[in-house]
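Thanks for coming. I have one structure to show today, and I will keep to a few points about it.

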Amino acid sequence: MKRYMALLRGINISGKNKVVMAELKKEFESLKFEDVKTYLNSGNVIFSSRENIEKITKQIEEMLKKTKIFKYPVFVLEQGKLKVILEHAPIWWGSDDKIIYDNLIFMIHPVTFKEVFEEIGEAKEGLEKIQNYKDVIFWSFSRKDYQKTNWWPKTTNTNVSKKLTIRTANTVRKIVRM
């Protein structure tokens, strides 16, 4: 049995796409996933299954469509793979520096880093940093200058934004241990 995490994008943000985590947990349990847990109120579901990731993703997407809980694609990742991703974080990402805001952008298949980069563009020097690793992008920026960054508005307002889901470094560290 492997441990997985399903990350739903855009859940419970600014009063939109409201989803009750207790209901979401019950739906995941109805799929026969075990030891289901949710973290925060933002669509992080951690669970165990014997199935492969492709089957799990399909089951979750079908359940979300059938129950009309949520309409966007879901990003599913094996917990062990997230640990490996974090081992490859750049030195500047995930520090305790409160001036910097660290995020991990998950690219929902089949989108690629090349597509994301072509649409969003370069990080603004001195304000933000990005680094790609497999299906994720490490992204850090100055908290006080976030509105001046290139990536901040474009991760939510471009064609590619529906193929991304973003979690803070703290959230990622927590769910990788659940």
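I will go through the sheet, then the helices on it, then a pocket. Keep in mind that this is a predicted model.

Start with the sheet. Four strands form an open sheet, and their order across it is S2-S3-S1-S4, with antiparallel pairing. Strand S2, residues 34–39, and strand S4 are the edges, and each of these pairs on one side only. From one strand to the next, the twist averages 20 degrees.

Now look at one pair within the sheet. Strand S1, residues 2–8, and strand S3, residues 44–49, run antiparallel and are joined by six bridges. If you want a place to find that pair on the screen, Arg3 stands opposite Ser48 in S3.

Next, the helices. Helix H1, residues 21–30, lies across S1, S2 and S3. Its direction is at about 155 degrees to S2. Helix H3 also packs on the sheet, where H3 touches S1, S3 and S4. The direction of H3 makes about 85 degrees with that of S4.

Last, the second largest pocket. Its volume is about 440 Å³. Which residues are closest to its centre? Of the 17 that line this pocket, they are Ile53, Phe75, Val76, Leu77 and Asp135. The elements that give two or more residues to the lining are helix H2 (53–67), strand S4 (74–78) and helix H3 (79–87). So much for where the lining comes from; what classes of residue does the lining have? There are 10 nonpolar, two polar and five charged residues.

That is what I had to show.

Technical notes: Residues are numbered from 1 along each chain as its sequence is written. This is a predicted model: local features need pLDDT of at least 70, side-chain atom pairs count only at pLDDT 80 or more; totals for chains, interfaces and linings use all residues. Side-chain values use heavy atoms; hydrogens and water are left out. On a 1 Å grid over the protein atoms alone, a cavity is a set of points where a 1.4 Å probe fits but cannot get out, and a pocket is an open set with protein on both sides within 12 Å along at least five of seven lines; lining residues have an atom within 4 Å of a point. Grid points are joined across faces, edges and corners, and a volume is the space filled by probe spheres set on the points. Ala, Val, Leu, Ile, Met, Phe, Trp, Tyr, Cys and Pro count as nonpolar, Asp, Glu, Lys and Arg as charged, and the others, Gly among them, as polar. Two strands pair if DSSP finds at least two bridges between them. Axes are lines fitted to C-alpha atoms, for helices over the stretch in contact, and angles run from 0 to 180 degrees between N-to-C directions. Contact means heavy atoms within 4.5 Å.
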